Amino acid sequence: GIVIINGNLNINKNLSYGTGTIADLRKLASITFIVKGNLTIDNSVTNLVGAYYVTGTVFTSSNKLANNLNPLKVSGLMIAKTFDFGRMFAGTIENPLPSELFVFDGRIQSNPMPGLVDFASALPNSAQVGP
């Protein structure tokens, strides 16, 4: 589904899709948030799913002064005017990990919502890393 927020959105709980297998990609769970404002993610949130289109700023920490040591993983897609990365988690010396990890899961391309078909077709089919 598509959720349209006319204003700011504050997320204070983890979001996930249900478990199980599907045979038809048209039944693949997929959610899109269109936020006409800012998106603020609470320090306690460690997992988000979905596509996010934010006209303002995405704040990955609700309180930078709180020494937020929780990593954040987003499975999906985030597009915003600006990003303010506020997490401080780095793993350990033996196992360094990102504070914010964004993993494109392809759901918006596999099962685009009505009105997002043209948007989904403009996304790249694969990501390239490096030169």
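# Exercises on a predicted chain

Of the 131 residues in the chain, 34% are buried (buried means under 20% relative accessible area, exposed over 50%, partly exposed in between, with a 1.4 Å probe and protein chains only). The model is predicted: local features need pLDDT of at least 70, side-chain atom pairs count only at pLDDT 80 or more, and totals for chains, interfaces and linings use all residues. Residues are numbered from 1 along each chain as its sequence is written, and side-chain values use heavy atoms, with hydrogens and water left out.

## Exercise 1: the chain as a whole

Task: state how many helices and strands the chain has, and in what order the elements run.

Solution.
- Step 1. Count the elements: there are 2 helices and 7 strands. Helices (H or I, at least four residues) and strands (E, at least two) are DSSP runs, numbered from the N terminus.
- Step 2. Read the order from the N terminus: β-β-β-β-β-β-β-α-α.
- Step 3. Look at the contacts (heavy atoms within 4.5 Å). Among those between residues at least 6 apart in sequence, 64% join residues at least 24 apart.
- Step 4. Turn to the surface: the chain has about 8,200 Å² of accessible surface, and 56% of this belongs to carbon and sulfur atoms. The areas come from the Shrake-Rupley method with a 1.4 Å probe; for residues, only the protein chains shown count as cover.

## Exercise 2: the largest nonpolar core

Task: find which residues have the most contacts inside the largest nonpolar core, and which strands each supply at least two of its residues.

Solution.
- Step 1. Fix the term: a nonpolar core is a set of buried Ala, Val, Leu, Ile, Met, Phe, Trp, Tyr and Cys residues joined through side-chain atoms within 4.5 Å.
- Step 2. The largest such core has 15 residues, and Leu39, Ile41, Leu48, Tyr52 and Met78 have the most contacts inside it.
- Step 3. At least two residues of this core come from each of β2 (9-11), β3 (32-35), β4 (39-41), β5 (47-59) and β6 (72-84).
- Step 4. Take Tyr52 as an example. Leaving out residues up to four places away in sequence, Tyr52 touches Ile11, Leu15, Phe33, Leu39, Leu77, Met78 and Ile79.

## Exercise 3: a residue of strand β6

Task: decide whether Ser75 is buried or partly exposed, and list what it touches.

Solution.
- Step 1. Locate Ser75 in strand β6.
- Step 2. Ser75 counts as buried because its relative accessibility is 16%.
- Step 3. Apart from residues up to four places away in sequence, Ser75 touches Leu48, Val49, Gly50, Val103 and Asp105.

## Exercise 4: aromatic rings at the surface

Task: describe how the rings of Phe83 and Phe102 are arranged, and then those of Phe85 and Phe102.

Solution.
- Step 1. Rings of Phe, Tyr and Trp (its six-membered ring) pair if their centres lie within 6.5 Å; planes under 30 degrees apart count as stacked, over 60 as edge-to-face and the rest as tilted. The whole structure holds 4 aromatic pairs.
- Step 2. The ring centres of Phe83 and Phe102 are 6.3 Å apart and their planes stand at 80 degrees, so this pair is edge-to-face. Phe83 is in strand β6 and Phe102 in strand β7, 19 residues apart, and the pair links distant parts of the chain.
- Step 3. Phe85 and Phe102 are also an edge-to-face pair, with 6.1 Å from centre to centre and 70 degrees between the planes. Here Phe85 sits in the loop between β6 and β7, 17 residues from Phe102.
- Step 4. Phe83, Phe85 and Phe102 thus make one aromatic cluster.
- Step 5. Check exposure: Phe83 is partly exposed at 32% relative accessible area, Phe102 is partly exposed at 35%, and Phe85 is partly exposed at 46%.
- Step 6. Phe83, Phe85 and Phe102 form a nonpolar surface patch with about 270 Å² of accessible area together. Patches are made of residues with over 30% relative accessible area and no salt bridge (a side-chain nitrogen of Lys or Arg within 4 Å of a carboxyl oxygen of Asp or Glu); like charges are joined within 9 Å, nonpolar side chains (Val, Leu, Ile, Met, Phe, Trp, Tyr) within 5 Å.

## Exercise 5: Asn68

Task: state how far apart Asn68 and Arg87 are in sequence and in space.

Solution.
- Step 1. Asn68 lies in the loop between β5 and β6, and at 3% relative accessibility Asn68 counts as buried.
- Step 2. Asn68 and Arg87 are 19 residues apart in sequence and 5.5 Å apart in space, C-alpha to C-alpha.
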